[in-house]
Amino acid sequence: MEEKTADIDQGEESDAGTIADFSRSKAAVWRTEVDSPSLPEVFRSIPVPRGGPGWRRLLAFVGPGYMVAVGYMDPGNWATDIAGGAAYNYLLLSVVVISSLMAVFLQALSAKLGIVTGRDLAQACRDAYVPPVSFMLWLSAEVAIVACDIAEVIGAAIALNLLFGLPLAIGVLLTSADVLLVLALQARGFRWIESLVITLIATMMVIFSLEIFYSKPDWHSVWGGLVPTPMIVKDPGMLFIALGILGATVMPHNLYLHSSIVQTRKFGKSRAELKEAIKLAYTDSTIALTLAFFVNAAILIVAAAVFYKSGHHEVQEIKDAYKLLTPLLGVSVAAPLFAVALLASGQNSTLTGTLAGQIVLEGFLHVKIQPWLRRMISRLIALVPAFFAVWISGSKGLTSLMLFSQVVLSAQLSFAVVPLIQFTSDRRKMGEFTNGWATRLIGWSLAVIIAGLNVYLIFKALFPDKP
């Protein structure tokens with residue numbers, strides 16, 4: 001590709017509608033290079049073979065999808081899935097399916113944005129919008145990361161408490177060590193971080209395969225739960241948890257993360273090479289997110305099979321779930337395995353959350369500071385609220401706080417989804433890789449649905465007696 005995006009029609013307007021009014025006129029056309037690349041210390045550090053069999057090039061791209069998939073099975077998902085399964089049996093499985101399909105679609109757009117434009121989503125927003133709008137989007141992204149990290153940090157702290165008896169506040173502080181772990185692994189190469197993440201995902205999958213085996217779910221009801229029901233929208237309690245599942249599954253910070261880490265691959269810039277890079281990135285993320293769907297669905301299925309079936313519909317706290325698993329299942333290893341998987345989930349999520357915080361901070365504010373300091377700042381922004389939440393409330397209501405944090409994530413999602421669809425639908429920025437009409441239709445429909453559901457939830461919270 002040449003210095004400017006190929007096949008640009010200077011007279012064609014953006015497909016983004018009125019949002020384009022907030023754009024910088026000087027950013028109507030993007031260059032394929034930026035002054036400071038995303039995650040500069042690992043930018044284009046992983047070579048992609050130019051020849052040989054296709055599976056070798058696919059293996060070179062395996063990794064970013066799994067880094068993103070971590071956010072789709074983090075402790076926030078545990079809180080929403082356990083609450084949904086215990087209270088409503090398998091009915092909310094359809095929400096997990098729909099959320100996962102939305103995730104596959106939106107993450108594919110995120111990867112394409114990074115590959116084609118050479119920008120992560122934060123950099124793209126900074127380049128495209130006037131400063132007040134860019135600043136607002138940065139605040140929204142930070143709120144989303146804080147909400148996400150509250151769930152991740154608390155989940156890891158609960159796991160440490162269950163396994164080793166550590167006080168929750170100490171567990172929260174220990175999770176800050178992930179900054180040092182990221183720095184140590186990244187110094188050896190980005191592949192080390194990806195390998196650790198994939199290992200922890202595999203651990204969760206093995207454990208929940210065993211948990212499903214032990215819980216013996218009603219598979220006929222499981223298949224029935226995959227079909228959406230109008231009750232989800234009509235029941236305010238079910239809708240609240242459904243939006244929590246949506247917020248826990250399709251996370252705003254993952255859209256920023258994916259558009260950045262896909263650029264760790266050293267792919268070529270010709271049309272053919274870009275097309276192949278997009279295809280390989282799609283394959284990587286689709287497989288990884290399918291595995292994440294399995295973990296999400298497994299958590300809800302186990303909660304329904306164990307807690308709903310036994311009449312424990314009120315179970316929402318992760319600690320209560322842990323205490324009840326062994327006596328209800330009659331399997332001594334069920335609860336310890338549950339805690340190990342929770343620890344793997346929490347630690348995995350804090351690793352990727354720290355990277356996402358760095359990407360958002362650098363991309364929106366264009367700061368130039370040392371990597372360890374960037375990560376420490378982004379980590380503290382999320383760690384401090386989580387610490388004080390644990391300090392003030394102790395163990396009471398922590399899972400409720402995690403569930404609420406996922407609804408906050410859902411409310412922030414539109415502020416990442418709308419720019420992503422706008423940019424990838426703009427020929428002046430994407431050239432021949434612009435979204436087709438069907439992709440634009442699906443994308444804007446999802447944006448409207450996400451925004452509409454959140455407005456409805458707020459309305460029901462303010463006016464619970466209104467139909």
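These notebook entries record what I looked up in a predicted model of one protein chain.

**Entry 1: salt bridges**

I began with charged side chains. Side chains of opposite charge can pair when their charged atoms come close. I found that the structure holds 10 salt bridges. I then looked up several of them by residue.

I turned to Arg50 and Glu273, whose side chains meet in a salt bridge with an N to O distance of 3.0 Å. Arg50 lies in the loop between β1 (46-47) and α1 (54-61), and Glu273 lies in helix α14, so this pair ties together parts that are 223 residues apart in sequence. I also checked how open each partner is to the surroundings. Arg50 has a relative accessible area of 61%, and it is therefore exposed, the cut-off being over 50%. Glu273 has a relative accessibility of 23% and counts as partly exposed.

Next I looked up Lys275, which also stands in helix α14. Its side chain meets that of Glu432 in a salt bridge of 3.7 Å, N to O. This pair links distant parts of the chain, because Glu432 sits in the loop between α19 (427-430) and α20, 157 residues apart from Lys275. Lys275 counts as partly exposed at 48% relative accessibility. Glu432 is partly exposed as well, with a relative accessible area of 27%.

Are Arg119 and Asp127 buried or exposed? I noted that both Arg119 and Asp127 are buried. These two residues form a salt bridge, and their closest N and O atoms are 2.7 Å apart. I also recorded a network of salt bridges that links Arg119, Arg126 and Asp127.

**Entry 2: cavities**

I then searched for enclosed space. Rolling a probe the size of a water molecule over the atoms shows where empty space is left. How many cavities of 30 Å³ or more does a search of the whole structure find? I recorded 3 such cavities.

The largest cavity holds about 50 Å³ of space. I listed its lining as Ile82, Phe208, Ile299, Val302, Ala303, Phe307, Ala321, Leu325 and Phe338. By class, this lining has 9 nonpolar residues, with no polar and no charged ones. I also asked which helices contribute. Helices α14 (271-308) and α15 (318-329) each supply at least two residues of the lining. The largest share, 4 residues, comes from α14. I noted that α14 is also the helix that holds Glu273 and Lys275.

**Entry 3: a nonpolar surface patch**

I moved to the surface. Trp372, Leu373, Met376, Ile377, Leu380, Ile381, Val384, Phe388, Trp391 and Ile392 form a nonpolar patch there. Together they have about 960 Å² of accessible area. From this patch I took Phe388 for a further look and placed it in helix α17 (residues 371-393). Phe388 counts as partly exposed, at 45% relative accessibility.

**Entry 4: Arg440**

Finally, I looked up Arg440, which is placed in helix α20 (residues 437-462). Arg440 has a relative accessible area of 23%, so I entered it as partly exposed, the class between the cut-offs of 20% and 50%. I also computed a spacing for this residue: the C-alpha atoms of Arg440 and Thr424 are separated by 8.7 Å. Along the chain, Arg440 and Thr424 are 16 residues apart.

Conventions:
Residues numbered from 1 in each chain as written. Predicted model: local features only at pLDDT ≥ 70, side-chain atom pairs only at ≥ 80, totals over all residues. Heavy atoms only, no water. Patch = residues over 30% accessible without salt bridge, like charges linked within 9 Å, V, L, I, M, F, W, Y side chains within 5 Å. Areas by Shrake-Rupley, 256 points an atom, 1.4 Å probe, with all protein chains shown as cover. Salt bridge = Lys/Arg side-chain N within 4 Å of Asp/Glu carboxyl O. Buried < 20%, exposed > 50% of the residue type's maximum accessible area, 1.4 Å probe, protein only. 1 Å grid on protein atoms, 1.4 Å probe; cavity = no way out; pocket = protein on both sides within 12 Å on 5 of 7 lines; lining within 4 Å. Points joined across faces, edges and corners; volume = space filled by probe spheres on them. Nonpolar A, V, L, I, M, F, W, Y, C, P; charged D, E, K, R; others polar.
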